[in-house]
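Trainee: Could you take me through this structure step by step, and show me how each kind of feature is to be read?

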Amino acid sequence: MGRQQIKCHGDENRFEIVAEYIYEHFGNSIKYIADVAGGQGLLSRILNKKYNYQAEVVDPRGYVLKGVPSKQTEYSSGMATYYDLIVGLHPDEATRAVAESAVYRPVLLIPCCNEWDKSVKLGSRELIQAIVGYFDSKKISNEIVIFDFKKPKNVGIITKC
């Protein structure tokens, strides 16, 4: 039996770069990670195998790679209390739910498209600023992070809970 075919849109290095950032930032202070809208589970796979976290994909589409833990469901911020860290690496429609999770747990959010406020056209910079504004309004400590993978979807926000 051959290996599973992996289809990846965008910079393939982003999964390794984000996983390394999580490990450098959190080390062993966390264990359970939600990989929200994680698709095939490439990030979760690296977090589990290389860094010994217990990461699982939470994604209603249900097409994770064999052996990657997952929940085939839509993510809601109420699920955050189960995890130590919520990661949204290009989480599409789950962007707001990931951000709202920062009330309960640390969040790493790297948005890819304006699923924040569909009533307003937001470019990449404006989207980041809108999310930072949300965190600031909730008095959630946050920091903008620029990742070393292809632009324009390489800017993220990390929060502390």
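What follows is a conversation that goes from the overall fold to the sheet and then to single residues.

Mentor: Keep in mind from the start that this is a predicted model.

Trainee: Which secondary structure elements does the protein chain have, and in what order do they run?

Mentor: The protein chain has four helices and seven strands, and from the N terminus on these elements follow the order α-β-α-β-β-β-α-β-α-β-β. The radius of gyration is 15 Å, close to the 15 Å that the globule rule gives for 161 residues, so the protein chain is as compact as a globular protein of that length. Along its principal axes, the C-alpha trace spans about 50 × 30 × 30 Å.

Trainee: How much of the protein chain counts as buried, and what share of the accessible surface belongs to carbon and sulfur atoms?

Mentor: Of the 161 residues, 48% count as buried, while the accessible surface comes to about 8900 Å², with 47% of that area belonging to carbon and sulfur atoms. As for charge, the mean positions of the 21 positive and 19 negative charges are 3 Å apart.

Trainee: In what order do the strands lie in the sheet, and which of them stand at the edges?

Mentor: The order in the sheet has to be read separately from the order along the sequence. Here the seven strands form an open sheet with mixed pairing, in the order β3-β2-β1-β4-β5-β7-β6. Because β3 (70-71) and β6 (142-146) each have a single partner strand, one side of each of these edge strands is left without a neighbour in the sheet. Within the sheet, β1 (residues 32-36) and β4 (residues 85-89) run parallel and are joined by three bridges, and D35 stands opposite V87 in β4.

Trainee: Is S101 buried or exposed, and where is it found?

Mentor: S101 is found in the loop between α3 (95-100) and β5 (107-110). Its relative accessibility is 0%, so S101 counts as buried, the cut-off being under 20%. Leaving aside neighbours within four places in sequence, S101 is in contact with Y75, S77, A80, I86 and V107.

Trainee: And what about N48, which has 19% relative accessibility?

Mentor: N48 has its place in helix α2 (residues 42-49). Since buried means under 20%, a relative accessibility of 19% is why N48 counts as buried. With neighbours within four places in sequence again left aside, the contacts of N48 are with Y53, Q54, A55 and P69.

Key:
Residues are numbered from 1 along each chain as its sequence is written. This is a predicted model: local features need pLDDT of at least 70, side-chain atom pairs count only at pLDDT 80 or more; totals for chains, interfaces and linings use all residues. Side-chain values use heavy atoms; hydrogens and water are left out. Helices (H or I, at least four residues) and strands (E, at least two) are DSSP runs, numbered from the N terminus. The radius of gyration is taken over C-alpha atoms; the globule rule is 2.2 Å times the number of residues to the power 0.38. Buried means under 20% relative accessible area, exposed over 50%, partly exposed in between (1.4 Å probe, protein chains only). Accessible areas come from the Shrake-Rupley method with a 1.4 Å probe; for residues, only the protein chains shown count as cover. Lys and Arg count as positive and Asp and Glu as negative; His and the chain ends are not counted. The place of a charge is taken as NZ of Lys, CZ of Arg, CG of Asp or CD of Glu. Contact means heavy atoms within 4.5 Å. Two strands pair if DSSP finds at least two bridges between them.
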